[in-house]
Amino acid sequence: MNSSLSSHRCVALLVAAPASGQGKTTVTAALACWHTRQGRRVRVFKCGPDFLDPYWHQLASGATVHNLDGWMVGMDEVRARLSAAAAEADVILIEGVMGLFDGSPTAADLAVQLGIPVLLVVDASAMAGSFGALVLGMQQYQPDVPWAGVLANRVGSSMHAQMLQNSLRDPALWLGAVQRMGSGKDAQLLPERHLGLVAAHELPDAMARLNAAADALAETPLGQMDWTDWQRWSVEFSVPADGALTPPEPWLQGRTVAVASDAAFSFIYPANLDCLHAMGASLAFFSPLADERLPVCDAVWLPGGYPELHADKLMANVALQADLLAHVQAGKPVWAECGGMLALGHGIADAQGEHSPMWGIVPGTAQMQPRLAGLGMQQCALQAGVLRGHTFHYSRFVCQAPEVARTSRANQRVQPDKGEAVYQYGSVYASYFHAWFPSHPRAIAALLGAETVQWDEPVPSA
């Protein structure tokens with residue numbers, strides 16, 4: 001064994017499913033709540049680029065939730081974050097993304113690389129014997145995946161649960177059944193809308209919902225396991241000393257970055273804030289919905305979120321609108337992502353064609369779509385370096401500002417009709433692209449005014 005290895009052991013599970021919508025977020029949050037109620041220190045992570053599920057996991061665990069992804073985040077950072085969590089936690093829970101074998105890299109790949117056992121959550125509401133066939137197929141599809149067991153979700157009765165349990169070829173996999181809590185949309189304890197789950201901080205009864213989910217889980221064999229039995233899922237998390245992450249240079253030292261943060265602008269990775277701090281930036285948070293003015297700052301970051309749901313309140317904050325316009329007219333930088341870009345435009349039209357005016361600083365108009373208009377991992381190249389991130393939106397933005405760059409899919413070159421446009425309007429840079437700041441801190445520093453922004457065509461990386 002490498003003597004320079006930093007190693008910590010901790011109970012860990014990766015909660016996955018055959019597909020999206022099976023209830024893995026509810027189960028992950030319920031497990032976090034259940035362990036926390038018993039006085040255990042829980043750290044939760046989310047696979048893939050997700051802003052909404054982590055709000056539930058943070059409420060359930062009482063700790064910051066970070067994202068994990070082999071490409072966007074990088075395995076060095078994944079290992080470092082997990083090892084740090086294992087040093088201070090009793091339990092690590094990782095929620096997968098989509099289905100266990102969906103995407104590239106997959107949640108299954110992460111489980112194999114790190115040796116983390118998988119808890120499979122299956123919506124069994126319309127199944128009987130096929131439940132066992134599905135589980136067997138999932139096991140055999142990638143034989144090197146370590147397994148903890150399977151939990152049947154949205155089960156109709158104890159008789160239904162018994163049928164599901166009897167269908168398993170390996171009875172030891174059975175960890176119980178969670179009863180269906182209603183019908184139709186009411187069967188989902190955590191409500192959804194067009195971009196995913198409603199964030200926990202938007203619901204006054206969010207904690208009550210989590211406690212109800214934890215109570216339901218406590219009735220299963222998984223929830224009744226003794227803590228000593230949980231030790232079978234103990235995992236060793238190691239980081240080589242020479243694999244430690246190098247902190248970025250202080251490119252933003254002495255600069256203040258104003259960050260919009262409320263229900264309209266909530267798509268913020270905690271790692272992005274950590275990155276800005278690591279570069280020396282002072283962060284000044286403000287809420288456009290609370291009628292707050294723009295703080296004194298050198299640069300502005302407008303994250304994504306739901307401006308389309310709060311158009312009236314945003315437009316009512318005329319003082320902030322004037323502050324932002326003055327900021328741009330003074331040549332100070334703005335980085336606007338997705339919903340932040342839409343808020344800077346002239347307006348948003350909903351699916352019925354009803355137009356809501358916005359701040360009118362960037363010459364563009366958004367049109368909401370009934371279906372996804374953009375989805376997937378993306379990279380965006382500046383001469384300073386290639387930023388990694390993703391796109392996920394239900395609108396289209398028609399913009400008259402110059403397009404200065406275009407994102408591309410992971411490890412591919414730019415194509416004119418693919419990816420997301422990056423627009424420049426004076427000192428504003430705006431795109432549907434959600435950047436993972438730690439993927440190239442200097443590129444973010446450039447967008448926030450630390451140096452002149454120069455764009456380049458991305459070169460495929462290994």
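Here are a few worked exercises on this predicted model.

**Exercise 1. Find out how confident the predictor is along the protein chain, and where its pLDDT is below 50.**

Start with the overall score: the protein chain averages a pLDDT of 90, and 91% of the residues score at least 70. Then look at residues 183-187, where the pLDDT is below 50 and the model shows four contacts beyond near neighbours in sequence. Residues 458-462 also have a pLDDT below 50, with 13 such contacts in the model.

**Exercise 2. Classify the ring pair F265 and W359, and say which parts of the chain it ties together.**

Begin with the count: the structure holds twelve aromatic pairs. In this one, the ring centres are 6.1 Å apart and the planes meet at 15°, so F265 and W359 are stacked. Next, place the residues: F265 lies in the loop between β11 (256-260) and α9 (270-278), while W359 lies in the loop between β16 (355-357) and β17 (364-368). The pair therefore ties together parts that are 94 residues apart in sequence. Finally, check the accessibility: F265 has a relative accessible area of 0% and is buried, and W359 is buried too, at 3%.

**Exercise 3. Do the like for Y269 and W436, then find the cluster they belong to.**

First the geometry: the centres are 4.9 Å apart with 65° between the planes, which makes the pair edge-to-face. Y269 sits in the loop between β11 and α9 and W436 in strand β25 (residues 434-436), so this pair ties together parts 167 residues apart in sequence. Both rings belong to buried residues, Y269 at 2% relative accessibility and W436 at 0%. Last, follow the ring pairs outward: they link F51, F267, Y269, Y306 and W436 into a cluster.

**Exercise 4. Describe the surroundings of strand β24 (residues 428-431).**

Take the faces to begin with. In a regular strand the side chains alternate between the two faces of the sheet. Here V428 and A430 lie on one side, Y429 and S431 on the other, and all are buried, leaving both faces of β24 covered.

Now find the partners. Strand β14 (residues 334-337) pairs with β24 in the parallel sense over four bridges, and E337 has S431 as its bridge partner. Strand β23 (residues 421-425) runs antiparallel to β24, joined by four bridges; here Y423 is partnered with A430. To finish, inspect the connection: β23 and β24 form a hairpin with two residues between them, and G426 in the turn has a positive phi of about 65°.

**Exercise 5. Trace the salt bridges of R81, and compare their settings with that of the bridge between D323 and R293.**

The whole structure has twelve salt bridges. R81 meets E77 at 3.1 Å, N to O. Both residues lie in helix α3 (residues 70-88), four residues apart, about one turn of the helix. E77 is buried, with a relative accessible area of 9%.

R81 also bridges to D274, with the closest N and O atoms 3.9 Å apart. That pair links helix α3 to helix α9 across 193 residues. D274 is partly exposed, at 38%.

For D323 and R293, the closest N and O atoms are 2.6 Å apart. D323 is in helix α11 (residues 318-329) and R293 in the loop between β12 (282-286) and β13 (299-302), 30 residues apart. At 16% relative accessible area, D323 is buried.

Conventions: Residues are numbered from 1 along each chain as its sequence is written. This is a predicted model: local features need pLDDT of at least 70, side-chain atom pairs count only at pLDDT 80 or more; totals for chains, interfaces and linings use all residues. Side-chain values use heavy atoms; hydrogens and water are left out. pLDDT is the predictor's confidence in each residue, from 0 to 100. Contact means heavy atoms within 4.5 Å. Rings of Phe, Tyr and Trp (its six-membered ring) pair if their centres lie within 6.5 Å; planes under 30 degrees apart count as stacked, over 60 as edge-to-face and the rest as tilted. Buried means under 20% relative accessible area, exposed over 50%, partly exposed in between (1.4 Å probe, protein chains only). Two strands pair if DSSP finds at least two bridges between them. A salt bridge is a side-chain nitrogen of Lys or Arg within 4 Å of a carboxyl oxygen of Asp or Glu.
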